[in-house]
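The following exercises are to be worked with the sequence and the coordinates at hand. Each task is followed by a solution in steps.

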4 protein chains.
Amino acid sequence: MHIGLVGLGKMGNNMRERLRAHDIEVTGFDRNPAVSDVSSVEELVKALPTPRIVWIMVPAGEVTTAVVTELAGLLEAGDLIIDGGNSRFTEDFKHSALVADKGIEYVDAGVSGGVWGLANGYGLMVGGHKKNIDLAMPIFDALRPDGPREEGFVHAGEIGAGHYAKMVHNGIEYALMQAYAEGYELLDKRDDIIKDVTGTFKAWQRGTVVRSWLLELLVRALEQDPEFKDIEGYVEDSGEGRWTIEEALANAVPVPTISASIFARFVSRQPEGSPAMKAVAALRNQFGGHSVKAVD
Amino acid sequence: MHIGLVGLGKMGNNMRERLRAHDIEVTGFDRNPAVSDVSSVEELVKALPTPRIVWIMVPAGEVTTAVVTELAGLLEAGDLIIDGGNSRFTEDFKHSALVADKGIEYVDAGVSGGVWGLANGYGLMVGGHKKNIDLAMPIFDALRPDGPREEGFVHAGEIGAGHYAKMVHNGIEYALMQAYAEGYELLDKRDDIIKDVTGTFKAWQRGTVVRSWLLELLVRALEQDPEFKDIEGYVEDSGEGRWTIEEALANAVPVPTISASIFARFVSRQPEGSPAMKAVAALRNQFGGHSVKAVD
Amino acid sequence: MHIGLVGLGKMGNNMRERLRAHDIEVTGFDRNPAVSDVSSVEELVKALPTPRIVWIMVPAGEVTTAVVTELAGLLEAGDLIIDGGNSRFTEDFKHSALVADKGIEYVDAGVSGGVWGLANGYGLMVGGHKKNIDLAMPIFDALRPDGPREEGFVHAGEIGAGHYAKMVHNGIEYALMQAYAEGYELLDKRDDIIKDVTGTFKAWQRGTVVRSWLLELLVRALEQDPEFKDIEGYVEDSGEGRWTIEEALANAVPVPTISASIFARFVSRQPEGSPAMKAVAALRNQFGGHSVKAVD
Amino acid sequence: MHIGLVGLGKMGNNMRERLRAHDIEVTGFDRNPAVSDVSSVEELVKALPTPRIVWIMVPAGEVTTAVVTELAGLLEAGDLIIDGGNSRFTEDFKHSALVADKGIEYVDAGVSGGVWGLANGYGLMVGGHKKNIDLAMPIFDALRPDGPREEGFVHAGEIGAGHYAKMVHNGIEYALMQAYAEGYELLDKRDDIIKDVTGTFKAWQRGTVVRSWLLELLVRALEQDPEFKDIEGYVEDSGEGRWTIEEALANAVPVPTISASIFARFVSRQPEGSPAMKAVAALRNQFGGHSVKAVD
């Protein structure tokens, strides 16, 4: 099998390597010529056998739409676009409609695994028509982890279902991380009782109810930098968490831990203090004469 | 009527003034001789007619216990202690038991109103036996706001009920403040849309569903310092909020907004960043290679 | 002054009455002929002096868009549409653009006060160009509560600002209600301590920090039905709360109490139990052998 | 090695079996003679070589205190009590003090693993003096999972540290479960998009960021009962979650996801509806004339 791969950043580059290691021929394109196999998307398309399969691995939003649009002008009926980026599922409806006129097929793929995917394989959630999933199965089998297919791959539904599943996956991920982090802060705070915080997390890796891959990563991080002396508590978020909450709102599903996780990140990014808490401090001062901390 | 008042801080001092303005004779004692009417609690007790009534207005916890203990040695059967401080309701059980042997009566009084109480009167929630409430009613009538008694005073139950009601009052208060503060931050953030944040809050003072005294105070604070330029978003908490959550936990009552309000205050007091968010940042770095903000 | 009013439901009908009581002539239209002054929007437009002012008071969303669209075909340059419904602020951008070609002016008005507005007046937050606000000021003055204009009315910004302010107002409102409700549940649960729940809330109406209009309504409700024996704990939400959270997400503003309030409502509407909690019960059963409550 | 084991319920019974399978001789006592090796604690103590080691595995609280008290009267200086139950860490201070006079040693052990511990081993967190930990190490090695000792066992600190670590472990566990459960509800709700909810969770088991043991259990539960038709969404809590929040409050540590998890369980146990939400419904009715659902 021989496919095209547009986008060779941190994720795309690793995926090319894993695909090739699993005997999938890959022609990759990236704006950065240093990593690119070809000099243009057009050239990439020309290099592929029909039906062509092009995997897109670029930032969600406008960049993905631009690539889909460009491919719409280059591909032919029966060719297949797979969006493996972190697109919102609603984008899949738009993108698939954009290429449907020409008979170009479309599959969306949620990909999890981060930088570890190269070695461990990627968890895959895909959406689209069965015939297209079948067509691309060798790619999915190359990318997914070893072991039973159904433990690292799912055909979750029609177009959009892959990114929908990935969105929820990431919403859950946010809350899982926050849960461990709250426990960490509490253990760390009571250093009069807990003499070995890293060792405590490490001991949870086998036998306990909370064992997980994230726990292993937390142990790894603590072993590298106990007490996180070199890390600021400033945390970005990449969209899927917010989308999960928006979906929850639209469907009247309560998501208190997922939203708490996102809000904690928002607060972490207010280095000059929270406007809301200034208001609370001002209020306390008004009714109780409680002193406020004046800005120096 | 002539009563004793132990504790002449910000609250006690104002209360003495309001009581006197309502023709209650007050002998006040404070460790600070500059504000004290007598030089000792013993002297205070001697100055009072029987049955003596002594109102305690000192910091909750050990200080209150010490005053109750001292009074237990000075008062006689039929005398009445009223704890008007912010004691936890469980302290009332302890304090009343401590004086019960000698036949000294006990009432607990939750007092709300802050620095405005001198002029506006204090909202009162009291607990204790009816005969003691009746005995002290002239005091309550002097302290409470003008208007119908039942709109500024309640005999909520037996000993402990006054402080219990005050505890819940304060738990609610925390959440109310946080609610306005969240709205403030959102209005403030979208200054491309909302051109007059202070004016918007001001306009909510009449006719709207959210009108309240706290809203009026927020308007007052904003008029003094729009955008809170001179205030740090650092907010203390004084115990009742935490106790409310502990009570909620003990009784399986969900209190998501009250707990969110307390946690927001905790975060506001982490000027060097949240340990939990350092853990989340470290985790993201581990799995995704997401860059972390290094401490300089 | 003589204006048109489209939509004579619970709110519109009351507003017509209040406007007329304040010497504003009103021609009202509603699909329900029993309350309508004219038989069509066209007839309503014809009845008005120029520049015509038409206040829309119909359900947000498609219904409002349909009325704006119909009016766009009937009004002329210089006429003014005021949307007083609960539209999302983004709709204002769309609706004003829809009528801008013809030179029809547009103002959005957030209106708070519910069924009490007829007697007390409505809190008003408006957005739009100053000349249009000035033109409509007699209407705003008639609708708003007595007292200083700025305590019941604000020109919050350009088009959209009125509904934006109203959206945030309602988000706050949700959290305020939830705060009192959590306190209520705790007081109610400890009926061994608090012997007079209604009396406790009633006593908070004067002097306390938590006094508010919502508190007065809660007292009123408790006096009508102590312990809420005739009420199900099933609570709808009308959109603004969700929009507030979506705006908060879009602007990275943490809103933990507002979101907790919405989620509490979502849960309240799951009479057959929460799917999430079934999952938690199933998990506990899996790892701990904890028995689950089987559905009968 | 030969030890005593008091308490042969679901956990204790399995632990006896695992210990024996690892060549630790065990004399077990339980009130239930059907599972007991001896007829009394006294007989158990007599059966043990010195220094005697007695592992307690009974319900936390009064039952554990009663067993410790009984053992205090039977054991001698140098003997060792290990409390492996789910005691609050503060109980360890009390229990160890209770036996210290007689020179009886004390270790607390947090044990995780549930019904799976028999086969997989138990995650262990212990607190106490090093000499006692060393003495009991063969027991810990028998109980903990295979693999490196430090991945299933930690000597977390002095007396109390083991249960402290277990308490935080369980707090985290609550939030992890809630996180998956929220994701489940969202996937389940959008069955128009996600055609295979079980398959989606199953596919997360390898390669993804959210893979964990709890995820595997959720898949197991879903395969047994997709959509949880036979399970009520009624979830108990066993103490550690509440204690975690109390500790967080006492130490000003924000724990929004852990508290959200507990509150979700509280709500799940209100089959007749939430009093708080009745209050919200009543409030909406008061100001907006929103209809309430009347109890039939």
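**Exercise 1.** Characterise the interface of chain C and chain D in this predicted model.

*Solution.*
Step 1, extent: 54 residues of chain C are in contact with 54 residues of chain D. The two chains bury about 4900 Å² between them, and 66% of this area lies on carbon and sulfur atoms.

Step 2, polar interactions: the rule finds zero salt bridges across the interface of chain C and chain D, whereas 14 residue pairs are in polar contact there, both residues being at pLDDT 80 or more.

Step 3, contributing elements: on the side of chain C that touches chain D, two or more residues each come from helices H7 (161-189), H9 (213-224), H11 (256-268) and H12 (275-288) of chain C. H12(C) gives the most, with 13 residues.

Step 4, composition: this side of chain C has 28 nonpolar, 12 polar and 14 charged residues.

**Exercise 2.** Classify the aromatic pair of Phe89(A) and Phe93(A), and place both residues in their helix.

*Solution.*
Step 1, context: over all chains, the structure holds 36 aromatic pairs.

Step 2, geometry: the ring centres of Phe89(A) and Phe93(A) are 5.8 Å apart, with 85° between the planes. Planes over 60 degrees apart count as edge-to-face, and this pair is edge-to-face.

Step 3, position: the two residues are separated by about one helical turn because they lie four residues apart in helix H4 (residues 89-100) of chain A.

Step 4, accessibility: Phe89(A) is buried, at 4% relative accessible area, while Phe93(A) is partly exposed, at 39%.

**Exercise 3.** Which residues do ring pairs link into a cluster?

*Solution.* Ring pairs link Tyr184(A), Phe201(A), Trp204(A) and Phe228(A).

How values were computed:
Residues numbered from 1 in each chain as written. Chains lettered and ligands numbered in written order. Predicted model: local features only at pLDDT ≥ 70, side-chain atom pairs only at ≥ 80, totals over all residues. Heavy atoms only, no water. Contact = heavy atoms within 4.5 Å. Buried area = accessible area lost by both parts, 1.4 Å probe. Salt bridge = Lys/Arg side-chain N within 4 Å of Asp/Glu carboxyl O. Polar contact = N/O pair within 3.5 Å; in protein donor to acceptor, adjacent residues only side chain to side chain. Nonpolar A, V, L, I, M, F, W, Y, C, P; charged D, E, K, R; others polar. Phe/Tyr/Trp six-rings, centres within 6.5 Å; stacked < 30°, edge-to-face > 60°. Buried < 20%, exposed > 50% of the residue type's maximum accessible area, 1.4 Å probe, protein only.
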